[in-house]
Amino acid sequence: MMKDDTHLILHRTSQTEIRNGITVIVKGEGINVFDQDGKKFMDLDSGVTRPVHVGHGREEIAKAVYDQICNLAYFTPCQFANKPAIDLAGILAEITPDPINKIMFECDGSEAVESAMKLAKHYHYYQGDKSRFKVISRKGAYHGVNGMGVRALGTVMPMRQIMEPVAPGGIFAESPYCYRCPYGLNYPDCEIKCARDLENIIEFEGPDQISAFIGEPVQQGFGAYHPPKEYWPIVREICDKYGILIIVDEVICGFGRTGKMFATEHLNIKPDILTMAKGLTSGYVPLGAAGCSDKVYEPIEALAHLHTYGNHPVSCAAGIKNIEIIQREKLVDNSAEMGNYFLDGLRSLEKHPSVGETRGTGLWLAVDFTTNKETRAPFPVSNLMNIVARAKEKGFIIKCMGMALEFAPPLIITKENINQFIPVLDECIREEENAMGL
Ligand SMILES: Cc1ncc(COP(=O)(O)O)c(C=O)c1O
């Protein structure tokens, strides 16, 4: 256990949690990780921030990284190129949805989002549209922690407030969270008001000042929420009317998480810009990327941007090997198949009085909780965290998001793993409901 006598600062972890002791993970193997006392956990959120698509402990990625370091560990992304970056950009141009065709590499998802927003701004600038600086995001959105991304951070808690003031120009639309609709409407009678309202927002903010709309295909904030099928085509139509670019943020969804290589394939739209990270290297080394269409790239004379570690050859070598594994082992198909199986298992838990909605897209799934199924009343986060703690005690790592439990296991998960977990989750929910008197 790590306590407050070490020198390490943890991200988003309270002093109380640290005083109570922090589990130190020392080893990973397939879908499992082990702590320093040798206790084994099934990792049902792929390293908790969900990058580890190919599972833990892949020696071939280590070998690819080793070979690249021996060959060329580093060279600038500015006025020089390196082979792994060229090759990975080619692979991504091939597997990302049309019309994404040009790729730049950064260190993580937050930087990918920054670059995406800069690409949008450059595109407009070089067209002579120099006043377009605003970006529309959605309440409940998460797009990372850097300057421009924080501007698009639709969360309410301290994360946003502490970092304010952020770069000006952040505008927020409502999210397509039908289980607790922000307008109090019901789908489909709502006529997708959350998408149609975008036009009012654009008119109010000034169409000639808006550069881009950014959104996650499946949204993290409420627990793996996928929008109704009409949502994105309506957004696309409105954005086209006003010359606003669409950035699809695939940082979590990309590389098979939702049962397709990219979740955009579920959306029935073509993006202008697309962000990637996490599953791009399965978290083995840091890497993020922003891709854009030729339409966006061609007017840009030169990108006013330089990161020392942009287009990093070692990270790109890891990305190439990782994608090779995803394709060779058909992990995208497994995500679709095991996602359905997992969702069936979660549906069996709807018998519980506190389980409001179960949902999933591929291997990104959630159980949304409530204290009243009729009114969909909020469920206390402290009780959700108790369920997470109970599961950990029994050897399963899961997480909560919004009022939901969220599952995003490595894409190698098997039926046996799922069969092992569902009865344990059932028991954890029952124990917590008993403690709450539900
Ligand atoms: C949709 C989305 N965009 C951007 C980010 C930021 O990525 P990173 O944490 O790698 O900076 C995240 C992180 O979870 C994310 O979910």
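**Ligand site**

I began at the ligand and looked up its polar partners. One of its oxygen atoms sits 2.5 Å from an N or O atom in the side chain of Ser 110. I note here that the model is predicted. Gly 109 takes part through its backbone: an N or O atom there lies 2.9 Å from an oxygen atom of the ligand. A ligand nitrogen atom is 2.7 Å from a side-chain N or O atom of Asp 249. I then checked the cover and found that the protein hides 85% of the 390 Å² of accessible area that the ligand has on its own.

Next I listed the shell. It holds 13 residues, and the closest are Gly 109, Ser 110, Asp 249, Ile 252 and Lys 278. Sorted by class, I get four nonpolar, five polar and four charged residues around the ligand. Which element gives the largest share of this shell? I found that helix 4 (residues 109-126) does, with three residues.

**Seven-stranded sheet**

I followed Asp 249 from the ligand into the fold. Asp 249 stands opposite Thr 275 in strand 9. Strand 8 (residues 245-249) pairs with strand 9 (residues 273-276) in the parallel sense, over three bridges.

I traced the sheet outward from that pair. It is an open sheet of seven strands, ordered 4-10-9-8-7-5-6, with mixed pairing. Why do strand 4 and strand 6 each have one side without a neighbour in the sheet? Strand 4 (100-106) and strand 6 (170-173) are at the edges and have a single partner strand each, so one side of each stays free of a neighbour in the sheet. I recorded an average twist of 25 degrees from one strand to the next.

**Four-stranded sheet**

I turned to a second open sheet, with four strands in the order 11-12-15-14 and antiparallel pairing. Its edge strands are strand 11 (355-361) and strand 14 (399-401), each of which pairs on one side only. Neighbouring strands here are turned by 25 degrees against each other on average, with direction ignored.

At the strand 14 end, I checked the pairing with strand 15 (residues 404-407) and found it antiparallel over three bridges. Lys 399 has Glu 406 in strand 15 as its bridge partner.

I also looked for what packs on this sheet. Helix 11 (residues 331-347) lies across strand 11, strand 12 (364-369) and strand 15. Its direction makes an angle of about 15 degrees with strand 12.

**Backbone exceptions**

Last, I went through the backbone angles. Most residues other than glycine have a negative phi, and most peptide bonds are trans. I therefore listed the exceptions to that general pattern.

Which form does the peptide bond from Asp 98 to Pro 99 take, cis or trans? I found it cis, with omega near 5 degrees. Pro 99 falls in the loop between helix 3 (83-95) and strand 4, and strand 4 is one of the edge strands of the seven-stranded sheet.

The peptide bond from Tyr 187 to Pro 188 is also cis, and its omega is near 5 degrees. Pro 188 is located in the loop that runs between strand 6 and helix 7 (193-205). Strand 6 is an edge strand of the seven-stranded sheet too.

For phi, I noted Val 48, which is not a glycine yet has a positive value of about 75 degrees. Val 48 belongs to the loop between strand 3 (40-43) and helix 2 (59-71).

Terms used:
Residues are numbered from 1 along each chain as its sequence is written. This is a predicted model: local features need pLDDT of at least 70, side-chain atom pairs count only at pLDDT 80 or more; totals for chains, interfaces and linings use all residues. Side-chain values use heavy atoms; hydrogens and water are left out. Two strands pair if DSSP finds at least two bridges between them. Helices (H or I, at least four residues) and strands (E, at least two) are DSSP runs, numbered from the N terminus. Axes are lines fitted to C-alpha atoms, for helices over the stretch in contact, and angles run from 0 to 180 degrees between N-to-C directions. Contact means heavy atoms within 4.5 Å. A residue is near a molecule or strand if one of its heavy atoms lies within 4 Å of it. A polar contact is a pair of N or O atoms within 3.5 Å; within protein, one must be able to donate a hydrogen and the other to accept it, and residues adjacent in sequence count only if both atoms are side-chain atoms. Accessible areas come from the Shrake-Rupley method with a 1.4 Å probe; for residues, only the protein chains shown count as cover. Ala, Val, Leu, Ile, Met, Phe, Trp, Tyr, Cys and Pro count as nonpolar, Asp, Glu, Lys and Arg as charged, and the others, Gly among them, as polar.
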